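Biologist: I have a model on the screen and would like to learn how to read it. Could we go through it one feature at a time?

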Amino acid sequence: MKIIRSPQALQRLAMELSAAGKRIGLVPTMGALHEGHLSLVRRCRRECDCVIVSIFVNPAQFGPNEDYLRYPRPFSQDAALCRGAGVDILFVPPAEEMYPSGYLTYITVDKISDIMCGAFRPGHFRGVATVVAKLFNLSRPHRAYFGAKDYQQVRVIRRMTDDLHFPVRIVECPIVRERSGLALSSRNAYLSAAERAASTLISKSLQQSVDLVQCEKLKNSGKIIQKIQKEIRRIPGSRIDYIEVRDAGNLAPLKFIDRPAVIAVAVWVGRTRLIDNIVIR
Ligand code: AMP
């Protein structure tokens, strides 16, 4: 496995690989890798000749009072996991190389960046779209792998990819969960044991709502949201940012679940912000 820190070096190598007919797959991450990330890497390994994983805690997607500085960065452990998963190139650029002094260019995906997580994290998806566009230009992937855990993020990236004609197929991979149902996340490391146990109510309430829709034919989004709210409020120290029912494709708000829908939540448990979602087809 090659470890590359220079953006220019990655771009040079990616162009050579592409010219040699290799199919390149990219898995963008912020590190602190877990089984969720590794599921993307494994799928990429199966489908591509050359697997590039990027680890970059992207300052542009963090708000001023967010956890940029305390975000976990266990680099040697991450590198070992990547090596074990058959990664060919691990790209770990320093922030100053991605955003050198004088940097001025950002990508904004209108509308869908301003709702849900975007409403609570202004500028977040601008940072995400920008860094992903840069990673696409550097690694020239045929396919790029993203997790459905960050449901809105995938919608933003698909929109940007279509709108800007990036020649890359976006592959969306299912959410990997603990046995308890809790969606794996690097931020779970912030949770105390008690918080972690109580946080399982998030996925449980989402699963219950799917059962209500599918078995009891409950279609009213307001009622579904109320039920999830009641469950999540049982988590000690919790504060809900949002619980929303939206069109699974374009994220338009849905009063009734009469087409494929996503139920998405963001909730603070103590000092940790957790997100989760479930899709009803
Ligand atoms: P992050 O390092 O949090 O930026 O995540 C990097 C990629 O891994 C994103 O595409 C995430 O959606 C994906 N990912 C993170 N957690 C999970 C999970 N539990 N299941 C599936 N994909 C995940």
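Modeller: We will take the ligand site, then two helices, then some single residues. Keep in mind that this is a predicted model.

Biologist: Start with the ligand. How many residues surround the ligand, and which are the closest?

Modeller: A residue is counted as near the ligand if one of its heavy atoms lies within 4 Å of it. Here 16 residues surround the ligand, and the closest are M30, H37, D150, V176 and L184. By class, the shell consists of eight nonpolar, six polar and two charged residues.

Biologist: Which atoms of H37, V176 and L184 lie close to polar atoms of the ligand?

Modeller: For a polar contact, look for a pair of N or O atoms within 3.5 Å. H37 uses its side chain, with a polar atom 2.9 Å from a ligand oxygen. V176 uses its backbone, where an N or O atom is 2.8 Å from a ligand nitrogen. L184 also places a polar backbone atom by a ligand nitrogen, at 2.9 Å. Of the 480 Å² of accessible area that the ligand has on its own, the protein covers 93%.

Biologist: Which elements give two or more residues to that shell?

Modeller: They are strand 2 (24-29), helix 2 (35-47) and strand 5 (143-147). Helix 2 supplies the largest share, three residues.

Biologist: Then take helix 2. What is its span, and what span is expected?

Modeller: The test is to compare the end-to-end distance with 1.5 Å a residue. Helix 2 has 13 residues and reaches 18 Å from first C-alpha to last, close to the expected 18 Å. Its buried residues are G36, H37, L38, L40, V41 and C44. The cover over them includes strand 2, strand 3, helix 3 (75-84), strand 5 and strand 6 (169-173). H37 therefore appears twice in our notes, as one of the closest residues to the ligand and as a buried residue of helix 2, where buried means under 20% relative accessible area.

Biologist: How does helix 8 do on the length test?

Modeller: Helix 8 (residues 193-215) has 23 residues, so it should span 33 Å, and its end C-alpha atoms are 34 Å apart, which agrees. Among its buried residues are A198, L201, I202, L206, V210 and V213. The buried residues pack against helix 9 (221-232), strand 8 (261-269) and strand 9 (272-280). Just after helix 8, K217 takes a positive phi of about 55°.

Biologist: Where else is there a positive phi at a residue that is not a glycine?

Modeller: H165 has one of about 60°, and L251 has one of about 65°. H165 lies in the loop between helix 7 (151-163) and strand 6, while L251 is in the loop between strand 7 and strand 8.

Biologist: Are H165 and L251 buried or exposed?

Modeller: The cut-offs are under 20% relative accessible area for buried and over 50% for exposed. H165, at 68%, is therefore exposed. L251, at 1%, is therefore buried. A252 is in the loop between strand 7 (238-247) and strand 8 too, and its 27% makes it partly exposed. Beyond its neighbours within four places in sequence, A252 is in contact with R246 and D247.

Biologist: What does E244 touch?

Modeller: E244 is in strand 7. Leaving aside neighbours within four places, it is in contact with M116, I225, V262, I263 and A264. The side chains of E244 and R246 are joined by a polar contact of 2.6 Å.

Biologist: Last, where are T29 and S54, and what do they touch?

Modeller: T29 is in strand 2 and is buried, with a relative accessible area of 7%. Apart from residues up to four places away, T29 touches H37, V53, S54, I55 and F56. A polar atom of the T29 side chain lies 3.0 Å from the backbone nitrogen of G31. S54 lies in strand 3 (residues 50-55) and is buried at 1%. With the same sequence neighbours set aside, S54 is in contact with L26, V27, P28, T29, F91 and L135.

Definitions and conventions. Residues numbered from 1 in each chain as written. Predicted model: local features only at pLDDT ≥ 70, side-chain atom pairs only at ≥ 80, totals over all residues. Heavy atoms only, no water. Polar contact = N/O pair within 3.5 Å; in protein donor to acceptor, adjacent residues only side chain to side chain. Areas by Shrake-Rupley, 256 points an atom, 1.4 Å probe, with all protein chains shown as cover. Helix = DSSP H or I, 4+ residues; strand = E, 2+ residues; numbered from the N terminus. Nonpolar A, V, L, I, M, F, W, Y, C, P; charged D, E, K, R; others polar. Expected span 1.5 Å × (residues − 1). Buried < 20%, exposed > 50% of the residue type's maximum accessible area, 1.4 Å probe, protein only. Contact = heavy atoms within 4.5 Å.
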